[in-house]
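Please go through the structure shown below with me, as a series of questions whose answers are reasoned step by step. The salt bridges come before the strands and the nonpolar cores.

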Amino acid sequence: MSTYQSELLRLLEERGYIHQITDPEGLDALAKQQVIPGYIGFDPTAPSLHIGSLVQIMMLRRLQQAGHKPIVVMGGGTGKIGDPSGRDESRRMMTDEIIEDNVAGIFTVFKRLLTFGDGPTDAVMVNNDEWLSKLGYIELLRDVGPHFTVNRMLTFDSVKLRLDREQPLTFLEFNYMILQAYDYRELAQRYGCRLQMGGSDQWGNIVNGMELARRMDGRELFGLTTPLLTTADGAKMGKTAAGAVWLNEAQLPNYDFWQYWRNVDDRDVGRFLRLFTDLPLDEIAKLESLQGAEINHAKTVLANEVTALVRGRDAADSAEKTAAKTFAGGGAGEDLPSIDVGEEGMRIGAVLTGLGFTASGGEAKRKLAENAVKLDGMTVNDPSYLVEVAPSTERKLSLGKKKHAIIRR
């Protein structure tokens with residue numbers, strides 16, 4: 001039984017989002033009294049976010065579902081520097097044009113998951129470049145700098161990790177936490193923002209922003225973080241052997257996105273249903289209690305629900321039909337990833353890496369040696385095998401039981 005009184009914190013607790021809250025009682029009371037504008041920041045380092053960011057996007061969705069106002073902050077300003085959290089090296093510098101294109105790509109997913117508008121609980125998307133680019137350096141040093149000590153900044157995990165590994169941490173990146181703290185203060189002034197949310201690695205940055213607003217303006221703000229999200233086998237969400245699981249279709253086909261969720265570990269099904277779908281909790285409890293082969297039904301529900309939220313219901317239905325056709329009938333559904341080998345054909349290893357089924361030629365050779373590769377149902381183990389396709393025909397390639405593709409010319 002939840003100890004919280006507000007719908008917001010009860011919802012977040014029941015679905016497994018809460019790791020730490022700066023003042024649980026204070027936030028709980030405030031959420032009962034008024035609409036809380038709350039924000040999460042996202043750096044536009046690519047034209048799409050990947051599923052490692054989905055728990056944060058869903059947090060904003062839950063905020064809105066509980067009657068509060070989500071603020072999506074695009075880090076057009078901070079993105080020019082790069083957050084050192086969880087990184088061993090500096091990010092590459094991006095031009096304004098690249099950042100603008102990336103923001104446009106990222107917005108497509110937020111449009112599906114949040115309701116934007118001018119109402120009191122409608123979401124807004126803002127770009128911190130709007131205020132950070134206008135901030136004078138002397139002004140920043142004079143007004144903001146005195147509220148930060150280098151001693152404390154050196155204790156942050158994001159900084160300690162790089163220094164302990166003797167990886168360079170530039171002065172540019174060292175300023176990131178100051179700018180993020182300034183963001184929170186600015187959002188509090190502009191939008192009445194009272195809550196910043198983020199992953200557990202952002203705790204220090206969130207507290208910095210709260211303290212800055214308190215010292216400069218006397219404002220009382222709150223912070224809430226989610227647990228570090230890993231799969232049951234300890235892997236970080238968002239990455240696979242074939243690369244990132246992107247949220248946008250332009251970076252990852254709908255079928256591949258659907259398949260990721262369909263293939264999750266049995267132990268993750270219930271947790272992921274709570275975090276990434278809107279299914280009622282009693283229905284999720286029934287699904288996660290399924291045993292043996294029946295758990296595959298729960299995985300299909302998970303894949304359908306997440307894909308419908310992120311890509312649209314048509315994408316989910318099409319991916320499920322393709323999977324059923326591929327696995328049950330031995331056919332090839334239209335949603336399968338495909339590759340064109342041209343008139344000259346292509347070596348089997350190049351086909352595997354070209355599809356993203358293997359990360360390198362070496363991995364492709366290992367999979368071939370393990371007899372894990374089939375072409376039209378026949379095992380292929382020769383790395384020099386030339387895959388050719390007759391005009392107006394298709395061939396089906398399989399890697400193991402879960403990865404399938406169409407080969408065309």
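Q: By about how much of the helix are Glu 211 and Arg 215 separated in α11?
A: In this predicted model, Glu 211 and Arg 215 form a salt bridge whose closest N and O atoms are 3.9 Å apart, which falls inside the criterion of 4 Å. Both residues belong to helix α11, residues 203-217, and because they are four residues apart there, their separation comes to about one helical turn.

Q: Are Glu 211 and Arg 215 buried, partly exposed or exposed?
A: The class of partly exposed residues lies between the limits of 20% and 50% relative accessible area. Glu 211 has a relative accessible area of 21%, and Arg 215 has a relative accessibility of 42%. Glu 211 is therefore classed as partly exposed, and Arg 215 likewise counts as partly exposed.

Q: Which residue forms a salt bridge with Arg 274, and where does that partner lie?
A: The closest N and O atoms of this salt bridge are 2.8 Å apart, and the pair is made up of Arg 274 and Glu 288. The two residues are 14 residues apart and link distant parts of the chain, with Arg 274 in helix α13. Arg 274 counts as partly exposed at 22% relative accessibility, and Glu 288 counts as partly exposed at 34%. The partner is thus Glu 288, in helix α14.

Q: How many residues apart in sequence are the parts that Arg 62 and Asp 278 tie together?
A: The side chains of Arg 62 and Asp 278 meet in a salt bridge with an N to O distance of 2.6 Å. Because Arg 62 lies in helix α3 (residues 54-65) and Asp 278 in the loop between α13 (269-276) and α14 (281-288), the parts tied together are 216 residues apart in sequence.

Q: Which residue of the pair counts as buried, and which as partly exposed?
A: The limit for a buried residue is a relative accessible area under 20%. Asp 278 has a relative accessibility of 32%, whereas Arg 62 has a relative accessibility of 1%. Asp 278 therefore counts as partly exposed, and the buried residue is Arg 62.

Q: Where does Asp 28 lie, and what is the distance to the nearest side chain of opposite charge?
A: Asp 28 is placed in helix α2, residues 24-33, where it is buried yet has no salt bridge. A polar atom of its side chain lies 2.9 Å from the backbone nitrogen of Gln 5. Apart from neighbours within four places in sequence, Asp 28 is in contact with Tyr 4, Gln 5, Ser 6 and Leu 9. The nearest side chain of opposite charge belongs to Arg 10, and the distance is 6.5 Å.

Q: Which residue stands opposite Lys 396 in β15?
A: Five bridges join β14 to β15 in an antiparallel arrangement, and these strands form a hairpin with three residues between them. In the turn, Gly 400 has a positive phi of about 65 degrees, while Lys 402 is partly exposed with a relative accessible area of 47%. On its other pairing, β15 runs parallel to strand β9 (residues 338-340) through three bridges, where Ser 338 has Ile 406 as its bridge partner. The residue opposite Lys 396 is also Ile 406.

Q: Which strands stand at the edges of the open sheet of six strands?
A: The order of this sheet is β1-β6-β5-β2-β3-β4, with mixed pairing. Each edge strand has a single partner strand, so one side of each is left without a neighbour in the sheet. The edge strands are β1 (20-21) and β4 (124-127).

Q: Which helix gives the most residues to the largest nonpolar core?
A: The largest nonpolar core has 69 residues, and those with the most contacts inside it are Leu 54, Phe 110, Trp 261 and Phe 276. The helix that gives the most to this core contributes eight residues and spans residues 295-311, and this is helix α15.

Q: What residues, among others, are in contact with Phe 110?
A: Setting aside neighbours within four places in sequence, the contacts of Phe 110 include Phe 42, Leu 49, Ile 57 and Met 125.

Terms used. Residues numbered from 1 in each chain as written. Predicted model: local features only at pLDDT ≥ 70, side-chain atom pairs only at ≥ 80, totals over all residues. Heavy atoms only, no water. Buried < 20%, exposed > 50% of the residue type's maximum accessible area, 1.4 Å probe, protein only. Lys, Arg positive; Asp, Glu negative; His and termini not counted. Polar contact = N/O pair within 3.5 Å; in protein donor to acceptor, adjacent residues only side chain to side chain. Contact = heavy atoms within 4.5 Å. Pairing = 2+ DSSP bridges. Core = buried A, V, L, I, M, F, W, Y, C linked by side-chain atoms within 4.5 Å.
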